[in-house]
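Visitor: I should like to learn how to read the features of a structural model. May we work through one together?

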Amino acid sequence: MTVDSNEFNLLGHKPALFVLFFTEMWERFSYYGMRAIFVLFLTSTFAEGGWEWSNERALALLGTYTSLVYVTPVIGGWIADKFTGYQKAVALGALIMTLGHASMALDTETTLYIGVGFLIIGNGLFKPNITSIVSGLYDKFPERKDGAYTIFYMGVNSGGFIGVLLCGFLGENLSWSWGFGLAGIFMMLGMLQFWFGRSIFGKVGAEPIKNIDVSNAIEKNTETLIQEKIPGYVQRDRYVVVGILAFFVVFFWAAFEQASGSMTIFANNFTQRILGGNSALIFKIVDTLITIVPLGIITWVLLKLFQQTFKKISLSNIVLGISFLSVWAIALWKLSVILPQDTTEIPASWFLILNSLFIITLAPLFSKVWESKYNPSATVKFALGMILLGIGFGMLAWGASTIPQGAKTASVSLIWLVIAYLLHTMGELCLSPVGLSYVSKLVPAKKIGVMFGIWYLAIAIGNKLAGFVGSYIDIIVEQYSMSAFFLIFTIIPCLAGVILIIITPKMKKMMHGIH
């Protein structure tokens with residue numbers, strides 16, 4: 001297919017993709033910023049402003065919340081397909097989530113549960129439908145979808161990075177309410193930026209599927225038309241492939257989502273976080289670099305977007321500019337507080353930055369590989385993701401082997417968490433954005449919203465399992481060891497990866513030409 005170079009004039013992709021990039025970035029800022037301090041807030045002492053919940057209770061609530069925010073997209077995708085269209089659903093979801101974050105900032109148990117409820121509902125409308133807009137933008141260019149989703153996923157993790165960086169700092173140094181409140185402010189700004197910039201998407205997602213004129217079908221790409229007219233058994237096989245991949249996704253996220261649960265507890269109670277002398281100096285240099293450099297890169301992308309779109313969506317760009325000026329102001333204030341200190345205590349939430357930082361660093365490389373001749377099949381990518389995840393937990397198990405059975409605290413080197421997050425991130429890049437892309441290619445256009453919802457349902461089950469298994473951390477450490485706890489998440493993902501490699505030939509055959 002001939003590609004109009006003017007249509008892909010922003011870093012090799014459509015400018016509209018980067019409007020979605022920044023919209024998703026602010027939503028993930030809010031989501032991950034809040035999650036970074038959620039368990040720490042619930043389990044910290046009353047003197048520290050927390051509620052002194054047990055680890056078991058806090059992790060159980062985290063698991064329930066993180067699972068339900070992936071259940072509601074099944075309903076949200078259906079609502080958008082039938083009634084609102086993707087664009088209105090995204091904006092409404094963002095508004096509801098803004099109210100949720102504001103409610104949580106009020107710091108009462110009632111408003112906590114109300115806020116969590118709003119976040120769950122808002123996510124349901126937002127999450128599947130912004131992904132569907134990305135799919136719609138690239139319907140005529142299926143060969144570019146893997147790269148587009150990886151760039152989009154970089155926006156996801158840019159938001160996660162900035163959110164953890166700033167919400168974590170405010171929550172642990174000012175008050176938990178400041179951390180939760182900041183998440184709400186940027187969710188609101190993200191909503192406004194999206195709504196004022198929606199004209200750049202054209203007709204993509206503007207109307208529900210049932211209201212799209214039949215003549216628009218002519219504009220669909222050949223692959224989509226074929227998908228809707230292929231023999232039933234072929235499409236059935238492709239649905240089976242999506243189902244099998246979704247099954248393995250459950251196990252991936254059950255392990256991966258220990259990050260904001262048991263791994264945060266490990267960072268808080270079992271990791272050496274107080275640094276002095278040269279160690280403190282090295283950390284300050286690293287912290288300064290990982291604050292300034294990624295923000296600088298994202299700001300550069302922002303300026304590129306302004307050059308391409310300011311005349312068309314000026315109000316959206318202005319809101320986006322105000323958002324970034326605010327981020328820079330808070331980030332520089334954070335550094336001004338930390339740098340003069342002789343010793344440094346690393347916040348437990350800081351380690352969650354590493355996942356997003358590694359995503360920002362490695363996503364362009366993975367995107368290039370997936371677009372090259374070395375691009376492996378979906379199941380091989382999934383298998384690599386599983387195995388890398390398992391090895392990461394293996395590193396934690398090794399690092400935790402010196403912790404005595406039943407210990408409540410320890411001072412394990414922070415290098416083990418750094419290595420684990422690096423390996424986990426590489427595994428995530430092999431699996432998560434690629435999974436979204438394959439769903440969009442294996443499923444007919446009219447089923448995209450619902451199927452993305454079902455995909456997120458698999459992630460929901462994984463998140464609930466993460467909270468359920470993670471809530472046994474104290475029991476397992478007491479009866480066995482911390483190392484044994486992490487070995488659970490070493491063995492299962494590696495075994496799943498091996499199974500995926502074995503079934504790869506059969507899976508490729510069932511895709512019927514989709515690569």
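Visitor: Which residues lie nearest the centre of the largest cavity?

Guide: This is a predicted model. In it, Tyr70, Lys127, Tyr153, Ser432 and Tyr456 lie nearest the centre of the largest cavity, and they belong to a lining of 17 residues. The volume of this cavity is about 170 Å³.

Visitor: Which elements each supply at least two residues of that lining?

Guide: Five helices do so: H1 (15-43), H5 (109-137), H6, H15 (415-442) and H16 (448-470). By class, the lining of the largest cavity holds 11 nonpolar, two polar and four charged residues.

Visitor: How many cavities of 30 Å³ or more does a search of the whole structure find?

Guide: The search finds four. The second largest of these cavities has a volume of about 140 Å³. It is lined by 13 residues, and Tyr32, Arg35, Ala259, Leu352 and Asn355 are the closest to its centre. Two or more lining residues come from each of H1, H6 and helix H13 (353-370). H1 gives the largest share, three residues. Sorted by class, the lining of the second largest cavity has seven nonpolar, four polar and two charged residues.

Visitor: How much space lies in the second largest pocket?

Guide: About 550 Å³ lies in the second largest pocket. Its lining has 25 residues, of which Glu172, Trp176, Asn268, Arg273 and Glu345 are the closest to the centre. At least two lining residues come from each of H1, H6, helix H10 (262-270), helix H12 (314-338) and strand S2 (344-345). The largest share, four residues, is that of H6. The classes in this pocket lining are 10 nonpolar, 11 polar and four charged residues.

Visitor: How are two packed helices described?

Guide: One gives the angle between their axes and the distance between the axes. Here, the axes of helix H6 (residues 145-173) and helix H7 (residues 176-196) come within 6 Å and cross at roughly 155 degrees. H6 is therefore roughly antiparallel to H7, because an angle over 145 degrees counts as roughly antiparallel.

Visitor: Which residues of H6 and H7 meet?

Guide: From H6, Leu166, Cys167, Leu170, Gly171 and Glu172 take part; from H7, the partners are Trp176, Trp178, Gly179, Leu182 and Ala183. The contact of H6 with H7 comprises seven nonpolar, two polar and one charged residues. Two names recur from the earlier discussion: Glu172 and Trp176 are also among the residues closest to the centre of the second largest pocket.

Visitor: Where does pLDDT stay under 50?

Guide: As a general rule, where pLDDT is low, the predicted coordinates should not be read in detail. In this model, pLDDT stays under 50 over residues 1-5, for which there are six contacts beyond four places in sequence. It also stays under 50 over residues 213-228, for which the model has 26 such contacts.

Visitor: What is the mean pLDDT of the protein?

Guide: The mean pLDDT is 87, and 94% of the residues reach 70 or more.

Terms used: Residues numbered from 1 in each chain as written. Predicted model: local features only at pLDDT ≥ 70, side-chain atom pairs only at ≥ 80, totals over all residues. Heavy atoms only, no water. pLDDT = per-residue confidence, 0-100. Contact = heavy atoms within 4.5 Å. Axes fitted to C-alpha atoms, helices over the stretch in contact; angles between N-to-C directions. Parallel < 35°, antiparallel > 145°, perpendicular 65-115°, else oblique. Nonpolar A, V, L, I, M, F, W, Y, C, P; charged D, E, K, R; others polar. 1 Å grid on protein atoms, 1.4 Å probe; cavity = no way out; pocket = protein on both sides within 12 Å on 5 of 7 lines; lining within 4 Å. Points joined across faces, edges and corners; volume = space filled by probe spheres on them.
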